[in-house]
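Please work through the exercises below with the sequence and the structure beside you, and try each task yourself before you read its solution.

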Amino acid sequence: MSTSIKTEAYIYDEQRNLVYYLEEQDNDGDNIVDDRQTETSTYDGQGNLVYYLIEQDDNADGVVDSRWTESNTYNLAWGHKKL
Ligand SMILES: [Ca+2]
Ligand SMILES: [Ca+2]
């Protein structure tokens, strides 16, 4: 029987927006991280999320294996999210 241990860390900016999230997973409980994921968020001056990056390091060797990005554009004149 193995124990899976998950460690999470959060970093917020001055506006209390989550700007960085780290998740480390030790799948077999040997205190060596086996799986790491980070999420980086960037906000504009209004606190709108404009850029979102997820990086997955499957074997936690420091080399990112997969990456997702999402960019949002906002119509500043209307203040609404452009779909
Ligand atoms: Ca491990
Ligand atoms: Ca890797």
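**Exercise 1.** Which residue in β3 stands opposite L22?

Solution. Bear in mind from the start that this is a predicted model. Begin with the two strands concerned, for β2 covers residues 18-26 and β3 covers residues 35-43, and they pair in the antiparallel sense over 6 bridges. Then look across from L22 into β3, where the residue that stands opposite is T38.

**Exercise 2.** Describe the sheet as a whole by finding in what order its strands lie and which strands form its edges.

Solution. First follow the pairing from strand to strand, which gives an open sheet of 5 strands in the order β1-β2-β3-β4-β5, with antiparallel pairing. Next look for strands that pair on one side only, and you arrive at the edge strands β1 (5-12) and β5 (66-71). Finally compare directions: neighbouring strands of this sheet are turned by 10° against each other on average, when direction is ignored. As background, the strands of a sheet pair through backbone hydrogen bonds, either parallel or antiparallel.

**Exercise 3.** Examine the edge strand β5, and decide how it is joined to β4 and how many of its residues are buried.

Solution. Start with the partner: β4 and β5 run antiparallel and are joined by 6 bridges. Within this pair, Y52 stands opposite E70 in β5. Then turn to burial, where β5 proves to be hardly covered, since the count of buried residues among its 6 residues is 0. For the protein chain, buried residues make up 1% of its 83 residues.

**Exercise 4.** N31 and A60 both have a positive phi although neither is a glycine; locate each residue and decide whether it is exposed or partly exposed.

Solution. Take N31, whose phi is about 70°, and which is found in the loop between β2 and β3. N31 has 7 C-beta neighbours inside 10 Å, and therefore counts as exposed, the limit for this class being 12 or fewer. Now take A60, whose phi is about 55°, and which is found in the loop between β4 (49-57) and β5. A60 has 17 other C-beta atoms within 10 Å and so is partly exposed, because this class lies between the exposed limit of 12 or fewer and the buried limit of 20 or more.

**Exercise 5.** How many helices and how many strands does the protein chain contain?

Solution. Counting the elements gives 0 helices and 7 strands, and reading along the sequence gives the pattern β-β-β-β-β-β-β.

How values were computed
Residues are numbered from 1 along each chain as its sequence is written. Chains are lettered from A and ligands numbered from 1 in the order in which they are written. This is a predicted model: local features need pLDDT of at least 70, side-chain atom pairs count only at pLDDT 80 or more; totals for chains, interfaces and linings use all residues. Two strands pair if DSSP finds at least two bridges between them. Helices (H or I, at least four residues) and strands (E, at least two) are DSSP runs, numbered from the N terminus. Axes are lines fitted to C-alpha atoms, for helices over the stretch in contact, and angles run from 0 to 180 degrees between N-to-C directions.
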